[in-house]
Structure formats: structure tokens, C-alpha cells
Amino acid sequence: MKFHVLTLFPEMIINGLSTSITGRAMEKEIISLDAVNIRDYTISKHKKVDDYPYGGGAGMLMQAQPVYDAHKAVCKGRNIRTVYVTPQGSVFNQKMAQEFAKEEELILLCGHYEGIDERVLEEVVTDYVSIGDYVLTGGELAAMVMIDAIARLVPGVLNNDVSAEFESFQDDLLEYPQYSRPEVWMDKAVPPVLLSGHHVNIEKWRLAQSIERTKERRPDLYERWLANHDQGSKSK
Ligand code: ADE
């Protein structure tokens, strides 16, 4: 899968994603990361990319022209899904990550200053996505969060594809607790069922733990899970 990031800070994107699992996936050419400097596309003599907003107000806006031309240079006439990362978007979640992971190519547009001229957004953006209800100084960290979450779902990026299947948010439940060696640490023993070798009991225990943990930590998810799993006993 190819990620193109339109940004004023390409080095931030490259540095942020070139280590660990995403870095290895790039080396293996399972994913590629193309960080495009929007400033390279300005036609302004002084390489300017921002200006004052019409109507007044605080701060500067990124201008339409460099963003449009950078986008055009990436698309080369193709239609590529283009995500504007913005606090004004739908809130990113695992389901959206799964959906984006089906794309061959994805463009992420990062804003800075007070945002981007609306006219170019209307021309190029297909999806408006936020990573949460708080405001960052720019879209780069949000784009990196999204790329990381999407990339790990691309086949071959994780060493074993099953680990992306049974994890938090699958089916609205958080993941169960996990334990490794030693069997006893600081007087705390690993739950005996995990040492039993009885796979059916282990699965049952894990599901019960997932449900309990979700109820306690994420009552919102728990309610949704209940609504989808309790129809028989609740209705009529
Ligand atoms: N840019 C600034 N804040 C953001 C957020 N919360 N999500 C996505 N992009 C952003």
C-alpha cells in the first residue's frame, strides 16, 4: 500500500514512521511512504504558502494553489482517496482503519496554521478525519497515527496476521490480559487456567476477561457490544 502525505514538514513524517514495524514494512516494500512538501509547489517567489484569512480573524491560512498543485502532482490524473486530517472530521476508529487498509493508495493532507482555504478542500478531499476531540498544532501527528493503524492491517506488515485479528476493538471488546514468564512475579501468579493447556477453557476465560475489562474501562463500547449480543434475551 502506498501512503502519500501532503505536508509542510515531510521530515517529521519520515522520521516518525521509519523505525520499528512501519519502518521494516517500508524496507520490505509492503508499504511505501511518500512525504510531499507542499512548499515545493508554491508559485510564490518567496516560497510563501500561507496568507491572512478574508474577513479577518486570528492566524494564517494555507493557500489553495500549492496544496492543489501538490495533490495534482501525486494523483497524475488518477482518483486517489484523499483524507484531510482535521479536528473537524469524523473520529478515526478501527473500522475506518480497516476500510482505508483496502485502498491501494491513500493521500493524507496535513493542515497547519489555522487551516486550509476551503476551496481547495472542496476540490481534492474525499474524507475528513480527526483522531480525537482535541486540537494539535498540525495534522502530521494525526496522519502518523492513522498511517500506523492502517499499515499494521496490511497483509505482511505484522509477523503473524492473526495478531491483527484478535485484538482490542474487534467486535467492540477490549483485549484480555496477557502474561509471560516467569510464572510468579512479585508474588503474583499467572492465572492457573492459562497453564492448564485446556484451550476451550482458556478461550472462555479470555472472553470473560475481555467483557469484564470493557465494562469497567469502556462502558460505551460495552453497551454497544451488549446491544449486539443480547438480542435473544432482551427482546419480546
Ligand atoms: N489537526 C489538529 N488537530 C487534529 C486532530 N485532533 N485530528 C486530526 N487532525 C488534527
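In this predicted model, the ligand is surrounded by V85, T86, P87, V129, S130, I131, G132, Y134, V135, L136, G138 and A142, a residue being near a molecule if one of its heavy atoms lies within 4 Å of it. Local features need pLDDT of at least 70 and side-chain atom pairs count only at pLDDT 80 or more, whereas totals for chains, interfaces and linings use all residues. Residues are numbered from 1 along each chain as its sequence is written, and side-chain values use heavy atoms, with hydrogens and water left out.

By class, this shell holds 8 nonpolar, 4 polar and no charged residues, where Ala, Val, Leu, Ile, Met, Phe, Trp, Tyr, Cys and Pro count as nonpolar, Asp, Glu, Lys and Arg as charged, and the others, Gly among them, as polar.

Polar contacts (pairs of N or O atoms within 3.5 Å; within protein, one must be able to donate a hydrogen and the other to accept it, and residues adjacent in sequence count only if both atoms are side-chain atoms) place a nitrogen atom of the ligand 3.2 Å from a polar backbone atom of T86. A ligand nitrogen atom likewise lies 3.0 Å from a polar backbone atom of I131, and one lies 2.7 Å from a polar backbone atom of Y134. Of the 260 Å² of accessible area that the ligand has on its own, the protein covers 96%, as computed by the Shrake-Rupley method with a 1.4 Å probe, only the protein chains shown counting as cover for residues.

The elements that give two or more residues to the shell are β5 (82-91) and β7 (127-130), and β5 gives the most, with 3 residues; strands (E, at least two residues) and helices (H or I, at least four) are DSSP runs numbered from the N terminus.
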